[in-house]
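Grab a pencil and open the viewer. Here are a few exercises on how strands and helices fit together, each with a worked solution.

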Amino acid sequence: MSNAIFPGTFDPITLGHESLISRVACVFDNIIVGVAAGVHKQAVFSLGERLALTKRSFAGVDNVQVLSFSGLLADFLREHECRIILRGLRAVSDFDFEVQLSHINKSLDVRIETMFLSPSSEYIHLSSTVVREVAQLGGDVTKFVSPHVAEALLRKI
């Protein structure tokens with residue numbers, strides 16, 4: 001059985017995230033979307049809210065499970081008997097950072113492999129940070145997030 005974990009803070013989950021996860025759900029038997037506590041980031045949504053929004057995004061997708069975690073990603077992988085980390089790359093700047101993280105994770109557990117995914121061209125520019133900024137400035141985010149996320153952003157901001 002092949003399992004993979006797609007980790008992130010998902011503050012909020014975007015259509016880019018949803019697209020990547022849906023695409024790899026056809027490749028792996030099980031995908032765990034790991035919603036990180038993200039103690040190092042100032043989140044708009046609480047961990048519970050991010051978890052609920054992400055779960056709603058994948059309601060009805062049998063092989064996608066949404067769980068929260070804190071601490072080391074390597075420990076989360078071991079806890080779920082998983083070796084594969086899935087990460088999206090939008091730009092060269094993402095690559096530099098993500099390669100560093102992949103090497104750190106590998107040094108924590110040599111069995112961990114990181115697979116990098118490129119988003120669809122329609123989402124290449126999209127990040128949670130951009131979505132939050134557009135929403136905070138009163139812009140329409142309905143092209144960037146699912147309706148339930150847009151509603152939650154509107155209520156929050």
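The exercises below work on a predicted model.

**Exercise 1.** Work out which strands stand at the edges of the sheet.

*Solution.* Start with the strand order: five strands make an open sheet, running β3-β2-β1-β4-β5, with parallel pairing. Now look at the two ends of that order. β3 (64-69) and β5 (113-117) each have a single partner strand, so one side of each has no neighbour in the sheet. As for twist, neighbouring strands are turned by 30° against each other on average, ignoring direction.

**Exercise 2.** Find the bridge partner of Gly88 in β5.

*Solution.* First, place the pair: strand β4 covers residues 84-88 and runs parallel to β5, joined to it by five bridges. Then follow Gly88 across to β5, and you land on Leu117.

**Exercise 3.** Say which strands helices α2 and α4 lie against.

*Solution.* Take α2 (residues 47-57): this helix packs on the sheet, touching β2 (30-36) and β3, and its direction makes about 155° with that of β2. Next comes α4 (residues 92-108), lying across β4 and β5 and running at about 160° to β5.

**Exercise 4.** Decide whether α2 and α6 are roughly parallel or antiparallel to each other.

*Solution.* Begin with the axes: those of α2 and α6 (residues 147-156) come within 10 Å and cross at roughly 155°. Angles over 145 degrees count as roughly antiparallel, so that's the verdict for α2 and α6. Now for who meets whom: Glu49, Leu53, Arg56 and Ser57 in α2 meet His148, Val149, Ala152 and Lys156 in α6. Sorted by type, the residues of this contact give three nonpolar, two polar and three charged.

Methods. Residues numbered from 1 in each chain as written. Predicted model: local features only at pLDDT ≥ 70, side-chain atom pairs only at ≥ 80, totals over all residues. Heavy atoms only, no water. Pairing = 2+ DSSP bridges. Helix = DSSP H or I, 4+ residues; strand = E, 2+ residues; numbered from the N terminus. Axes fitted to C-alpha atoms, helices over the stretch in contact; angles between N-to-C directions. Contact = heavy atoms within 4.5 Å. Parallel < 35°, antiparallel > 145°, perpendicular 65-115°, else oblique. Nonpolar A, V, L, I, M, F, W, Y, C, P; charged D, E, K, R; others polar.
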